[in-house]
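Student: Please take one part of this model and look at it closely. I would like a single connected account.

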Amino acid sequence: MESRTYYYARVSNTDQNLDRQMKAFKGMGADDRNIITDKASGKDFDRSGYQALKTTILRKGDTLVVKSLDRLSRNKADIKSELEYFKVNGIRLKILDLPTTLIELPKGQDWILGNSSAVSFNFRFLHIYMHKI
């Protein structure tokens, strides 16, 4: 099965707009059908778009792109839990505001990262990042 890239944008309420995130995704070549959005608080994961990503859309080998880490959640423990979920399920997470998560290596060259997958690299990097905030 072919791996795909999906994008997730979230704002906290219906009065806010998604323009900044959408513009960043479009700048990466995102197609509207691959952008999932929510206008809901980041206090938990009870968001229809995000739940659809996790339960129906994302598959092993896929990539999820977010503008910033806080678009996933405002809760540090919840973010750590999601990072573990992505790692265990073989889903790569790219965070536009954290350029090291955007590193692309040619197939067969990922040994440079010290492990066999960019997912593991991203998880290790984000784990370190989370301890700093």
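Tutor: What follows is a close look at strand S1 and its surroundings. The model is predicted.

Start with the strand itself. S1 spans residues 5–11. It is mostly covered, with 6 of its 7 residues buried.

Next, the strand partners. S1 pairs with strand S2, residues 35–39, through 5 bridges. The two run parallel. Within this pairing, Ala9 has Thr37 of S2 as its bridge partner. How does the chain get from S1 to S2? It passes through helix H1, residues 19–27, in a β-α-β crossover. That crossover is right-handed.

S1 also pairs with strand S3, residues 63–66. Here 4 bridges join the strands, again in the parallel sense. Tyr6 of S1 sits opposite Leu64 in S3.

Now the packing. Leu64 returns in the largest nonpolar core, which has 18 residues. Leu64 is among those with the most contacts inside this core, along with Leu53, Phe86 and Leu93. S1 gives two or more residues to the core. So do helix H2 (48–57), S3, helix H3 (76–88) and strand S4 (92–95). The largest share is 3 residues, and H3 supplies it.

There is a second core, separate from that one, with 9 residues. Tyr7, Ala9 and Val11 belong to it, and Leu96 is included too. Ala9 thus links two parts of this account: it is the bridge partner of Thr37, and it is a member of the second core.

One general point helps in reading the strand. In a regular strand, side chains alternate between the two faces of the sheet.

Terms used. Residues are numbered from 1 along each chain as its sequence is written. This is a predicted model: local features need pLDDT of at least 70, side-chain atom pairs count only at pLDDT 80 or more; totals for chains, interfaces and linings use all residues. Side-chain values use heavy atoms; hydrogens and water are left out. Buried means under 20% relative accessible area, exposed over 50%, partly exposed in between (1.4 Å probe, protein chains only). Two strands pair if DSSP finds at least two bridges between them. A crossover is right-handed if, with the strands pointing away from the viewer, the path from the first strand over the helix to the second runs clockwise. A nonpolar core is a set of buried Ala, Val, Leu, Ile, Met, Phe, Trp, Tyr and Cys residues joined through side-chain atoms within 4.5 Å.
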